[in-house]
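Here are a few friendly notes to read alongside the model. I have kept them to the sheet and the helices around it.

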Amino acid sequence: LCEFRAQAAFHARGGNTPRLFGAALEFNRGLITRVFILMSWVDSARTMSIDVGDLGDDERDAAFKQYAQFFVRSAQLGLVHGRHSSENILVTDGKRDFCVIDFSHAQLYRAYHPLGFARDVARIGARLVIEESCSAAAVRLLFSHVVRAAPRSTVTEAVLRKEFNHVLSTSKRQQKILRQMRTLWRGWPFRLHQ
């Protein structure tokens, strides 16, 4: 339900995410066993991993600049995704419109949150390398575009590289535990800082 609320609030602020229709709960012996989120289908969408993997060297610079601007616009709406990866960014063919999905660990702040933004971007870069969509050198190009697009002096390439290296050197299990601890520490009722 927090995922639904975070996505709805992000959309209400002007964030690009599929339109929500509703959520349904499934109970078993009084406990919630599943939550279904109903949203609009995004036609001809591909994940960022697939999109970046299909880019030629001559297309990569312009595409990374567009991605960086999208990340910054989303962060300026207060989004700290918490579980961002290149699998949670959809791009539509032709128009190169982007949208964010999977708000299960998302947090919405009143404004831009530099540390959360840096962690999100570093996780996206790490996933691109893990998925073998591009090289670490290409991710450094993405980071340079992000630093130029971000509000002045709020994030540096050194910070992005440090977080990127941390994600790559930490097991998926450790990352999941850390994500869950951060989500719990933030508090379920307080994930939307409005």
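1. Two strands count as paired here if DSSP finds at least two bridges between them. By that criterion β5 and β6 are partners, with three bridges in the antiparallel sense. Within this pair, L90 sits opposite C99 of β6. Please keep in mind that this is a predicted model.

2. On its other pairing, strand β5 (residues 89-92) joins β3, again antiparallel and over three bridges. Here A45 faces T92 of β5. Strands of a sheet pair through backbone hydrogen bonds, in either a parallel or an antiparallel way.

3. Put together, the three strands make an open sheet with the order β3-β5-β6 and antiparallel pairing. Its edges are β3 (45-47) and β6 (98-100), each of which pairs on one side only. Neighbouring strands in the sheet are turned by 35° against each other on average, with direction ignored.

4. Is β5 covered on one face or on both? Both. I89 and V91 are buried on one side, and L90 and T92 are buried on the other. L90, then, is a residue to look at twice: it is buried and stands opposite C99. T92 is likewise buried and is the residue facing A45.

5. Helix α3 (residues 57-76) lies across β5 and β6. The helix runs at about 40° to β6.

6. Turning to helix α4 (residues 114-130), you will find 17 residues spanning 24 Å from the first C-alpha to the last, close to the 24 Å expected at 1.5 Å a residue. Just after α4, E132 adopts a positive phi of about 60°, which may be worth a glance in your viewer.

7. Which residues of α4 are buried? They are G116, F117, A118, D120, V121, A122, R123, I124, G125, A126 and L128. The list includes the charged residues D120 and R123.

8. α4 packs against helix α6 (residues 157-169) at an angle of about 50°, and the two axes are 8 Å apart. That angle makes α4 oblique to α6, because the oblique class takes in whatever is not roughly parallel, antiparallel or perpendicular, and perpendicular starts at 65 degrees. The crossing of α4 past α6 is right-handed.

9. As for the contacts themselves, α4 contributes A118, R119, V121, A122, R123, G125, A126, V129 and I130. They meet V159, L160, E163, F164, V167 and L168 of α6. Among the α4 residues in this contact, A118, V121, A122, R123, G125 and A126 are also buried.

Notes
Residues numbered from 1 in each chain as written. Predicted model: local features only at pLDDT ≥ 70, side-chain atom pairs only at ≥ 80, totals over all residues. Heavy atoms only, no water. Helix = DSSP H or I, 4+ residues; strand = E, 2+ residues; numbered from the N terminus. Axes fitted to C-alpha atoms, helices over the stretch in contact; angles between N-to-C directions. Contact = heavy atoms within 4.5 Å. Expected span 1.5 Å × (residues − 1). Buried < 20%, exposed > 50% of the residue type's maximum accessible area, 1.4 Å probe, protein only. Parallel < 35°, antiparallel > 145°, perpendicular 65-115°, else oblique. Left-handed = near helix turned anticlockwise from the far one by under 90°.
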